[in-house]
Amino acid sequence: MTATLKDTTAIVGIGQTPFARQLDPPEKTLACQAILAALDDAGIAPSEVDAFASYTMEETDEVEVAKAVGAGDVTFFSRIGYGGGGSCATVAHLAAAITTGQATVGVAWRSRKRGSGPRPWRDTRAQLPTPAQWTRPYGLLRPVDEIAMLARRYMHEYGATRDHFFNVALACRNRAAQNPAAIMHGRPLTREAYMSARWISEPLCLFDNCLETDGALACVVVAAERARDLRQRPVYVHSAAQGLPSQHHGMVNYWTDDPLAGPSWTAARQLWKAADFGPSDVHVAQIYDAFTTLIPLSLEGYGFCGRGEGAAFTEDGALELGGRLPLNTGGGGLSEAYVHGFNLINEGVRQLRGTSTAQVPGAATCLVTAGEGVPTSALLLRS
């Protein structure tokens with residue numbers, strides 16, 4: 001029998017700092033605050049932590065974090081690349097380590113001062129990586145410029161319109177209106193404001209882009225057997241996957257026959273193969289939303305609709321509470337905070353605990369995805 005991660009581990013604690021455009025504490029302090037909050041939420045002492053997972057882009061390292069929070073001997077540690085593509089993989093790596101006996105209490109975290117910090121693409125001293133040598137000299141300096149190309153192609157091939165992108169932005173803003181922790185809480189969005197907003201990289205306007213945020217989040221993963229005896233209702237890791245498609249080129253996907261079939265398609269095949277349920281059984285989704293365009297592309301990639309149908313899927317309030325697939329119920333990266341997608345993991349946990357500020361009644365299954373357009377990862381969570 002093939003070994004799997006199905007329901008062998010659970011997320012038992014979540015924590016976060018406040019979110020803002022500028023926070024005073026350094027990233028290490030924010031990381032420790034989020035980790036300690038997650039451990040307290042779980043009712044687990046820091047000295048029991050023996051595994052860590054984060055992003056290669058994380059500026060705080062395991063050595064310093066472990067010392068600062070008072071962890072015990074650490075027997076597993078992992079870093080996942082590709083920015084927001086690694087968010088769900090942090091939990092997946094911990095789940096694998098715990099299931100195979102390499103660790104017992106794992107902490108995943110992301111701490112970032114993107115709101116007040118520098119922009120990565122402004123560093124002209126570093127030699128461009130190979131993919132960027134085919135984009136940066138031709139004006140695609142920022143991620144938004146690269147995704148704008150995919151957005152324009154998607155509009156051209158499948159008839160998507162800015163109204164479809166607005167549907168995504170509006171759903172996220174409406175959920176932020178219910179979440180006091182969201183940066184955009186109390187700041188409603190109208191179609192008029194969206195359509196008149198300045199371009200960032202045409203056809204993407206200001207409200208098609210995620211926030212720039214300072215903040216940190218963390219979660220705690222343990223074996224399912226232990227989870228049942230802890231403070232919080234366990235949220236089980238039912239399935240987990242990563243995806244790097246053949247001949248992939250980050251963001252723009254130049255080398256493939258179909259640039260719009262991104263890494264989500266690869267991750268989805270693995271995710272659903274290991275699961276006991278399918279897309280139609282997902283009660284709520286937390287889909288990576290650095291840009292509105294990524295939502296219809298991900299809806300297609302993860303099987304909620306057919307090719308070219310992601311834009312139309314957003315119509316008639318489908319992404320709102322009570323719709324076909326309530327989405328990003330804390331506000332997502334567009335309206336709660338952008339911390340490389342980690343807030344989507346924590347919000348998925350809240351939904352399955354029944355404690356979200358925009359609770360989906362009876363939610364028992366949740367899809368969480370990492371960044372589309374880059375090597376990615378995804379989780380299926382269940383209560």
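**Exercise 1. Locate leucine 352 in the structure and describe its surroundings.**

*Solution.* Step 1: leucine 352 belongs to helix H12; helices (H or I, at least four residues) and strands (E, at least two) are DSSP runs, numbered from the N terminus. The structure is a predicted model, in which local features need pLDDT of at least 70 and side-chain atom pairs count only at pLDDT 80 or more, while totals for chains, interfaces and linings use all residues. Residues are numbered from 1 along each chain as its sequence is written, and side-chain values use heavy atoms, with hydrogens and water left out.

Step 2: leucine 352 has 0% relative accessibility and therefore counts as buried. Buried means under 20% relative accessible area, exposed over 50%, and partly exposed in between (1.4 Å probe, protein chains only).

Step 3: leaving out residues up to four places away in sequence, leucine 352 touches Arg233, Val235, Ala363, Ala364, Thr365, Cys366, Leu381, Arg382 and Ser383. Contact means heavy atoms within 4.5 Å. One of these partners, alanine 364, is twelve residues from leucine 352 in sequence, with a C-alpha to C-alpha separation of 5.6 Å.

**Exercise 2. Which residues of the largest nonpolar core touch the most other members, and which helix gives the most to this core?**

*Solution.* Step 1: a nonpolar core is a set of buried Ala, Val, Leu, Ile, Met, Phe, Trp, Tyr and Cys residues joined through side-chain atoms within 4.5 Å. In soluble globular proteins, nonpolar side chains tend to be buried together.

Step 2: the largest core has 63 residues, and those touching the most other members are Ile11, Val91, Cys219, Val368, Leu379 and Leu381. Helix H4 (residues 143–158) contributes the most to this core, namely seven residues.

Step 3: take valine 91 as an example. Apart from neighbours within four places in sequence, valine 91 is in contact with Ile11, Cys219, Val221, Val237, Ile345 and Leu379. A second, separate core has 30 residues, among them Ala10, Ala20, Ala38 and Trp109.

**Exercise 3. Why is the pair of tyrosine 154 and tyrosine 158 classed as tilted?**

*Solution.* Step 1: rings of Phe, Tyr and Trp (its six-membered ring) pair if their centres lie within 6.5 Å; planes under 30 degrees apart count as stacked, over 60 as edge-to-face and the rest as tilted. There are six aromatic pairs in the structure.

Step 2: the ring centres of tyrosine 154 and tyrosine 158 are 5.6 Å apart and the planes stand at 55°, so the pair is tilted.

Step 3: both tyrosine 154 and tyrosine 158 lie in helix H4, four residues apart, which is about one turn of the helix. Tyrosine 154 is buried, at 1% relative accessibility, whereas tyrosine 158 is partly exposed, at 32%. An aromatic cluster is formed by Trp134, Tyr254 and Trp255.

**Exercise 4. How many cavities of 30 Å³ or more does the structure hold, and what lines them?**

*Solution.* Step 1: on a 1 Å grid over the protein atoms alone, a cavity is a set of points where a 1.4 Å probe fits but cannot get out, and lining residues have an atom within 4 Å of a point. Grid points are joined across faces, edges and corners, and a volume is the space filled by probe spheres set on the points. The structure holds two such cavities of 30 Å³ or more.

Step 2: the largest cavity contains about 60 Å³ of space. Its lining includes Leu150, His248, Met251 and Glu372. Sorted by class, this lining has seven nonpolar, four polar and one charged residues. Here Ala, Val, Leu, Ile, Met, Phe, Trp, Tyr, Cys and Pro count as nonpolar, Asp, Glu, Lys and Arg as charged, and the others, Gly among them, as polar.

Step 3: the second largest cavity has a volume of about 40 Å³, and its lining includes Tyr288, Asp289, His340 and Leu344. Helix H11 (332–335) and helix H12 (342–353) are the elements that give two or more residues to this lining.

**Exercise 5. What is the phi value of methionine 251, and what is that of histidine 340?**

*Solution.* Step 1: methionine 251 has phi near 70°, a positive value in a residue other than glycine. Methionine 251 lies in the loop between strand S8 (235–243) and H8, and is buried at 14% relative accessible area.

Step 2: histidine 340 has phi near 55°, also positive in a residue other than glycine. Histidine 340 is in the loop between H11 and H12, and is buried at 4%.

Methods: 1 Å grid on protein atoms, 1.4 Å probe; cavity = no way out; pocket = protein on both sides within 12 Å on 5 of 7 lines; lining within 4 Å.
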